[in-house]
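Q: Please take a close look at the aromatic ring pairs in this model. I would like one connected account of how the rings are arranged and what surrounds them.

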Amino acid sequence: MFQKWTKDITPYLLYLITVVTLGPLQFGFHLAELNAPEAVIRCIDQPSILAALPLPTCIPMNSGQFSVVSSIYTVGGLLGALTSGPLATKYGRVLPIRLGVLFFILGPILSSLAPSIPIIALGRFISGIGAGAAIVVVPIYISEISPKESKGLFGALTQITINVGILAAQVLGYFMSYGNMWRVVLGVAGGIALVQGLGLYGVCESPDWLVSAGKTGKARRALERIRGGDTEEEVGKWGTAQEGQDEYDSLLHGEENNQSAPTTKRSSEASIGILKVIVHPDHYRAIIAVIGVMLAQQLCGINSVIMYSVSFLRDLLPTTAGIITIGVGALNLVMTVACAPLSDRLGRKTCLLISIAGMGSMSLVLGFALLFGVQVLAAVATLLIVASFAVGLGPIPFILANELVGPEAVGATQSLALSANWIATFLVAQFFPILNEALDQGRVFFLFAGLAVVFFAFVLFWVPETQGKKDADEVWGRDRRED
């Protein structure tokens, strides 16, 4: 079993995945970068050292202004998600990843050197555009280059690297929340983007996209490079293996303009845009399923913990809130890695149901713990919310878009799904502090518990199982015959 799982995992495949997942890592970093140093950035805590830069050591903000600075990142993410899907469909998966790096470099430069609220907000917005592109395109790319036996495991790497970014931001924020050092925290992601930009020079295009674009010979060469060996079984699924070989041979002999070069079945399928995929009879159910799961990922409350745990735990746990926040990031990472194989063993749907049930029940416990001032219970419930998230709602939504629709609709579906995800993230980022203050003493977590009940029912009755299914037709039970 182990040999079967590892036979197609090559050093080049690992290189590709390492480079492209630096995008989701930066998404996670930017998501959590303001949590620990909030009090210093807002001038709530007095600077403990003299400024080392000709910039203010803090930027005065009230809670409403800070919410805007936090949530505008998700507005940029929405823009990146909407634009990157069509780009990935038309021009390939690698181009939008490269463009995202430019935003990942510019955003941290502005945020880390910001003298005022508008500039730090602009930097966060620009970083969000890069994050939106990365979260749409990287899961597609990983799914398309991964061996069938390990798609679930490699698909989970998107969420794993997000959690690495979150943990890195929490640790840096905990130790560097003084003076002007919070600017270093905000600038670190720019250095990561530079490394990714250099690494992308060695990244090849997705073979699946090349086939859908009719470039079967290039697709075969890319697949052979990724697999490092025999690719006949996978090539056979593109259409007729011999047809792929014929075009491959003609390309090797410089006959790229050969009019008689055959095309595969998949290359004849035209890519479907966002508007068409919504009303397409084969895809509308998948659109509802993917969007619903993406909304569940955010509206069950995970980002209230990731972005604001220090603020809602500070009154109850004034000396340990920051440490618990690091624990949240560490547990999120460890549990995501530990649970990565579960979706391939238990199934995507089962993991989602377990995850939602866990988050809903622990949100209820956290609400009561904050209401009655039970310190230990509040800390444990916060950590278990994160652990439950890692079982299913963390990694699986990023996998589903590629498994519920055909390759011609993946780009549009992923854009719609991630757009819904970014809107939900914005709602939590913008309004959680307001609702938490208005409802007082943790009652807002009862709302998350109620939403978990709704999403549990949705997944149970609407979302199909995709694990072990060869394509979207089998997932939805469609009988498609060749003419």
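A: In this predicted model, ring pairs join Y308, F432, F445 and F448 into a cluster. The structure holds 12 aromatic pairs. One stacked pair is formed by Y12 and Y15, with 6.2 Å centre to centre and 20° between the planes. Both tyrosines belong to helix α2 (residues 11-20), where they are three residues apart, about one turn of the helix. Y12 has 14% relative accessibility and therefore counts as buried, the cut-off being under 20%. Y15, at 33% relative accessibility, counts as partly exposed because this value falls between 20% and 50%.

Within the cluster, F432 and F445 form an edge-to-face pair, at 5.8 Å centre to centre and 65° between the planes. This pair links distant parts of the chain, with F432 in helix α23 and F445 in helix α24 (residues 444-462), 13 residues apart. Both F432 and F445 are buried.

Helix α23 (410-439) also takes part in a pocket: along with α5 (63-91) and α17 (302-314), α23 supplies at least two residues of the lining of the second largest pocket. That pocket has a volume of about 530 Å³. Its lining comprises 20 residues, of which S311, F312, D315, N436 and E437 are the closest to the centre. By class, eight of the lining residues are nonpolar, six are polar and six are charged.

Key. Residues numbered from 1 in each chain as written. Predicted model: local features only at pLDDT ≥ 70, side-chain atom pairs only at ≥ 80, totals over all residues. Heavy atoms only, no water. 1 Å grid on protein atoms, 1.4 Å probe; cavity = no way out; pocket = protein on both sides within 12 Å on 5 of 7 lines; lining within 4 Å. Points joined across faces, edges and corners; volume = space filled by probe spheres on them. Helix = DSSP H or I, 4+ residues; strand = E, 2+ residues; numbered from the N terminus. Nonpolar A, V, L, I, M, F, W, Y, C, P; charged D, E, K, R; others polar. Phe/Tyr/Trp six-rings, centres within 6.5 Å; stacked < 30°, edge-to-face > 60°. Buried < 20%, exposed > 50% of the residue type's maximum accessible area, 1.4 Å probe, protein only.
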